[in-house]
Each structure stands twice: as C-alpha cells, then as structure tokens.
Amino acid sequence: MKIVCLDALTLGDVDLSEFAKFGEFVSFDMTKSSQTISRLSGADVVITNKVLITKEVIDATNLKLICVSATGTNNIDMAYAKERGIPVKNVAGYSTPSVVQQTFASILTLLNNVRYYDDYVKNGEWVRSEIFTNLDAPIFELSSKNFGIIGLGEIGKGVAKVASAFGTNVCYFSPSGNTQDVPYQRVELDEMLQACDIVSIHAPLNEKTKGLIRKRELWLMKKGAIISNFGRGGIVDESALAAAIDERGLKAVLDVLEYEPMSADNMLLNVKNKQNLIITPHVAWASVEARIRLVNLMIKNIKDFIDGK
C-alpha cells in the first residue's frame, strides 16, 4: 500500500512515521493543485487537509481511500467519490478540548486586559509606579454575564459547560434547529444578540449560517459586548465587524476568517480600537494533544479500511 500526505505542513511537527507501518509513505509539506495528480501517481491512500480532491483528480488516479486530516470534507468531491466507490474518512471530535480552551483564553484576554498590563510591566511602568497596582484598564468578570452560543454541537456544548462553571447565564441559538435535550435556554438570534454580553459562534458554514451576522445583527448587540467566532469564516461580515468595533465599541475574538490566509485588504487590519480585537490564525484546533489525537484517529481509519470496517 502506498500512502501520500499532500500537506503535512498544516499538521505542524506531529510525528507521521506511524503511517509507514502500512507500506510506502510519502509526505509533502504543501501541494499545489497542478501537482496533485502527479504526486498521487501509484497511491492507494491520500491524506489531505486542504488540498482539493476533485473529480479530475479521482479520474486520473487509482485511489482506494481518501483520508481528510480534519473534520470538514468540503475539499473533497464527496458525490463523485461515492459514485466511484471510494470511501472518504474524516476525523471528528479530536479538537474539542483545544477549541474550548482557546475560546476562553481569547475572551479572558479581552475581559482582563492581559495585553495592556503585560505591556505595562514589561515597559518598566510598574517599576516607576508610586503604588502597588494599576487600574487604568478595567477588568470585567464573566460571572453573572449573559453568554450566548451559536451552534450547540460538541464544541458548543463544551463551551457552554465551561461558561456555566464561570457562573454565566448560558443560552443558545441553533441555526439548524436540531438541538434538543440540553440544559440551556434556547432563544432566537435577535433576542440573543440584544441580551448577551458575550456571543460565541461554534457553527459550521452552510446555507443557514453563511452571512448570519451582518451589520444589522452587529448593531443589535450591546455596546462593549464581545462576539467571538471559532466556527468558520463567512458567518460574520468582517467589514461590518470592523466598523462595529470602531463605531459601537464592540469587542471581537476571531480564529477564522472568510479567506485564509488573511487578505492584505481585510478591513480588520485597519481598526482604530485594536485593543478590542484579537485575531488568531486558525489555531484553536491545533493543540499538541489535539494533533496527536488527529494522527492516531487517521491511523485507525486506515487500519479499519484495511480490516474491511
């Protein structure tokens, strides 16, 4: 069996050597679309994170298994793979603790003004202070805040559990309408935006969530409220968000954008109130532990395929 990984760089420094136990293993850091077919010559299994596996690629190769090193499968022509009888195996659930932790790390960085006070100390200001503390940048508690969650899947439920532990009042909006039997108040989107101090997005991008949060929705939110997006870019209108940060004092935490890597002309790069914005480069999923789980689950997927499961 020959296994080819097309974009190992997206997995970082995690050990991929275990794949060699199944046969020949070839790994490329990155692969351009023009290189995909040639690199999959003779391959039985492909491992891909973001590289497209299209009808053209499937027709030009002899793949027997497509492994996606992520949860989403939007980079695979799923219908054609099914038509050709090629199983597609993704990995679900591996990143939940990582995303939940990053969500609160980012929100708390804003609420506690961590960057301001860290800079204050490292710039030598505390050394020159006449008193033992500094209260120039306000710190706010999560306790008793209204915390809204858009998308109460596995990650959303994890966020809700931690938010409850902080003493917040948790509610949720379900874009799919399928969420049931959870101990949290279900509300409509407008009600959530108007009532909540923090709104955290943990939904997939689909026809029900694309463009869900635009100018109208952002202007419904309380001045000074926090909106976070750890779901997918395209759910929030980024230009409208940039304006809301400067014009309404909204605060934002983003780990995903509509175009990744970030576009040079993205309006979020030009916000005046930069202290009210945190953007991380789609890293919430990628704790060391999560990436190890991801690889182990892909290994299990290949083994299950070999064993006919």
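Ser95 touches Ile155, Trp285 and Ala290, leaving aside residues up to four places away in sequence. In this predicted model, Ser95 sits in the loop between S5 and helix H4 (96-111), and Ser95 is buried, with a relative accessible area of 9%.

**Overall composition**

The protein contains ten helices and twelve strands, and its C-alpha atoms fill a box of roughly 70 × 50 × 35 Å along the principal axes. Of its 309 residues, 46% count as buried. Among the contacts between residues at least 6 apart in sequence, 61% join residues at least 24 apart.

**The open sheet and helix H10**

Strands of a sheet pair through backbone hydrogen bonds, in either a parallel or an antiparallel arrangement. Here five strands form an open sheet in the order S2-S1-S3-S4-S5, with parallel pairing; its edges are strand S2 (24-27) and strand S5 (88-89), each of which pairs on one side only. Strand S1 (residues 2-5) is joined to S2 in the parallel sense over four bridges, and within this pairing Ile3 has Phe25 of S2 as its bridge partner. Helix H10 (residues 288-306) lies across S1, strand S3 (45-48), strand S4 (65-68) and S5, and runs at about 165 degrees to S4.

**Ile149 and the S6-S7 pair**

Ile149 belongs to strand S6 (residues 146-150), and five bridges join S6 to S7 in a parallel arrangement. The bridge partner of Ile149 in S7 is Tyr172. Strand S7 (residues 169-173) is itself largely enclosed by the rest of the structure, because four of its five residues are buried. Ile149 is likewise buried, with a relative accessible area of 0%, and, not counting residues up to four places away in sequence, Ile149 touches Gly156, Val159, Ala160, Val170, Cys171, Tyr172, Phe173, Met192, Ser200 and His202. The C-alpha atoms of Ile149 and Asn178, which are 29 residues apart along the chain, are separated by 15 Å.

**The second largest pocket**

The second largest pocket holds about 180 Å³ of space. Its lining consists of Leu111, Phe140, Lys145, Asp197, Ile198, Lys222, Lys223, Gly224, Ala225, Ile226 and Lys251, and these residues divide into five nonpolar, one polar and five charged.

**Backbone geometry in the loops**

Most residues other than glycine have a negative phi, and most peptide bonds are trans. Two residues with positive phi values are set side by side below.

| Residue | Phi | Loop | Relative accessible area |
|---|---|---|---|
| Asn113 | near 50 degrees | between H4 and helix H5 (114-122) | 18%, buried |
| Asp181 | near 55 degrees | between S7 and strand S8 (185-186) | 81%, exposed |

For Asn113, the relative accessible area of 18% falls under the 20% limit, so the residue counts as buried; for Asp181, the value of 81% is over 50%, so that residue counts as exposed. In addition, a cis peptide bond joins Glu260 and Pro261, with omega about 0 degrees, and Pro261 is found in the loop between strand S11 (251-254) and strand S12 (277-279).

Technical notes:
Residues are numbered from 1 along each chain as its sequence is written. This is a predicted model: local features need pLDDT of at least 70, side-chain atom pairs count only at pLDDT 80 or more; totals for chains, interfaces and linings use all residues. Side-chain values use heavy atoms; hydrogens and water are left out. Two strands pair if DSSP finds at least two bridges between them. Helices (H or I, at least four residues) and strands (E, at least two) are DSSP runs, numbered from the N terminus. Contact means heavy atoms within 4.5 Å. Axes are lines fitted to C-alpha atoms, for helices over the stretch in contact, and angles run from 0 to 180 degrees between N-to-C directions. On a 1 Å grid over the protein atoms alone, a cavity is a set of points where a 1.4 Å probe fits but cannot get out, and a pocket is an open set with protein on both sides within 12 Å along at least five of seven lines; lining residues have an atom within 4 Å of a point. Grid points are joined across faces, edges and corners, and a volume is the space filled by probe spheres set on the points. Ala, Val, Leu, Ile, Met, Phe, Trp, Tyr, Cys and Pro count as nonpolar, Asp, Glu, Lys and Arg as charged, and the others, Gly among them, as polar. Buried means under 20% relative accessible area, exposed over 50%, partly exposed in between (1.4 Å probe, protein chains only).
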